[in-house]
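Me: Please take a close look at one strand in this model. I would like to know what it pairs with, what it packs against and what follows it.

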Amino acid sequence: VEKVENTGSFVNPKVTIENNPGLTYLSFLVYYDASELAQGDTEDAFANSVFITEDSVIGSQVRGTNNKVKNYIPYELRATSNAFIVELYGENAVYEDGVVVELPFEIIADELGTLEYTVVFMEASDENGNDVELSGSSAVINYVADPLVGIYDEFTVFTDPGDKEVVIGTDEIS
């Protein structure tokens, strides 16, 4: 993710499912450092999902100390974490692997660096209503400086003798 000065930076990392055991319901919690990340716009989060139904939702952002989420967040991180819950329903893509949801984040960190978020699976079931155990892991967003800072769409080339016009996109001049 590239930091663009004086603007919000948005990122949508994908949660994917591999070796789908035939899920029809999946709920998980996403928690993160509230001083670095915030929940972004959820409008397109399900756009490419193999799990999409009209009932699938991403819940509102809540503090890590909220009773709904605090048992899933390590005690030492609760005071500094925010979280949201994702619930997915699907019948047409029971055995499909692929993108489950795109997690909407806005980067609010002042400093560049590595920003961590964690996905904790809460509940999953197959088409027969049987519980399915899933595992996940923490992931990171690498927040780096915008590589285009200092590159402008107009510039002056000084030549000897006199000034020459140079068209943007020119690879070489003599």
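The strand in question is β8, and the reply below works outward from it.

Reply: This is a predicted model. Start with the overall make-up. The protein has twelve strands and zero helices. From the N terminus on, its elements therefore read as an unbroken run, β-β-β-β-β-β-β-β-β-β-β-β. Of its 174 residues, 36% are buried. Among contacts with a separation of 6 or more, 76% join residues 24 or more positions apart. The protein exposes about 11200 Å². Carbon and sulfur atoms supply 45% of that area.

Now the strand itself. β8 covers residues 81-89. Which strands does β8 pair with in the antiparallel sense? One is β4, residues 23-33, and nine bridges hold that pairing. Within it, Y25 has Y89 of β8 as its bridge partner. Strand β6, residues 57-58, also runs antiparallel to β8, joined by two bridges. There, V57 stands opposite E87 of β8. Strand β7, residues 62-63, is another antiparallel partner, again over two bridges. In that pair, R63 has N82 of β8 as its bridge partner. Pairing of this kind runs through backbone hydrogen bonds, either parallel or antiparallel.

Next, the packing. The largest nonpolar core has 30 residues. β8 is one of the strands that each supply at least two residues to this core. The others are β3, β4, β9, β10 (105-107), β11 (113-126) and β12 (138-145). β4, the nine-bridge partner of β8, gives the most to this core, with five residues. The residues with the most contacts inside the core are F28, V30, V101, L103, F105 and Y117.

F28 is a good place to look from. Leaving out residues up to four places away in sequence, F28 touches F84, I85, V86 and L88, among others. Its list also includes V15, V100, V101, L103, V119, V120, F121 and M122. Apart from the largest core lies another, of five residues. Among them are L29, Y31, V69 and A83.

What follows β8? A loop leads from β8 to β9 (98-102), and G90 lies in it. Is G90 buried or exposed? Its relative accessible area is 10%, under the 20% cut-off, so G90 counts as buried. Setting aside neighbours within four places in sequence, G90 is in contact with L23, T24, F51 and T53. F51 deserves a second look. It is 39 residues from G90 along the chain, yet their C-alpha atoms are separated by 5.0 Å.

The loop hands over to β9, and there sits one end of a salt bridge. The structure holds one salt bridge. K14 forms it with E102, and the closest N and O atoms are 3.8 Å apart. K14 lies in β3 (residues 14-17) and E102 in β9, so the pair ties together parts that are 88 residues apart in sequence. E102 has a relative accessible area of 12%, so this residue is buried.

β3 also leads toward the main partner of β8. The loop between β3 and β4 holds N19. N19 is not a glycine, although its phi is positive, at about 55°. Its relative accessibility is 67%, so N19 counts as exposed. That contrasts with G90, which is buried at 10%.

One further sheet is worth a stop. β10, which shares the largest core with β8, belongs to an open sheet of three strands in the order β2-β10-β5. The pairing in this sheet is antiparallel. Its edge strands are β2 (9-11) and β5 (37-39), and each pairs on one side only. Neighbouring strands here are turned by 35° against each other on average, direction ignored. Three bridges join β5 to β10. L37 stands opposite I107 of β10.

In short, β8 has antiparallel pairings with β4, β6 and β7. β8 also supplies at least two residues to the largest nonpolar core. After β8 comes a loop that includes the buried G90.

Definitions and conventions: Residues are numbered from 1 along each chain as its sequence is written. This is a predicted model: local features need pLDDT of at least 70, side-chain atom pairs count only at pLDDT 80 or more; totals for chains, interfaces and linings use all residues. Side-chain values use heavy atoms; hydrogens and water are left out. Helices (H or I, at least four residues) and strands (E, at least two) are DSSP runs, numbered from the N terminus. Buried means under 20% relative accessible area, exposed over 50%, partly exposed in between (1.4 Å probe, protein chains only). Contact means heavy atoms within 4.5 Å. A salt bridge is a side-chain nitrogen of Lys or Arg within 4 Å of a carboxyl oxygen of Asp or Glu. Two strands pair if DSSP finds at least two bridges between them. A nonpolar core is a set of buried Ala, Val, Leu, Ile, Met, Phe, Trp, Tyr and Cys residues joined through side-chain atoms within 4.5 Å. Axes are lines fitted to C-alpha atoms, for helices over the stretch in contact, and angles run from 0 to 180 degrees between N-to-C directions. Accessible areas come from the Shrake-Rupley method with a 1.4 Å probe; for residues, only the protein chains shown count as cover.
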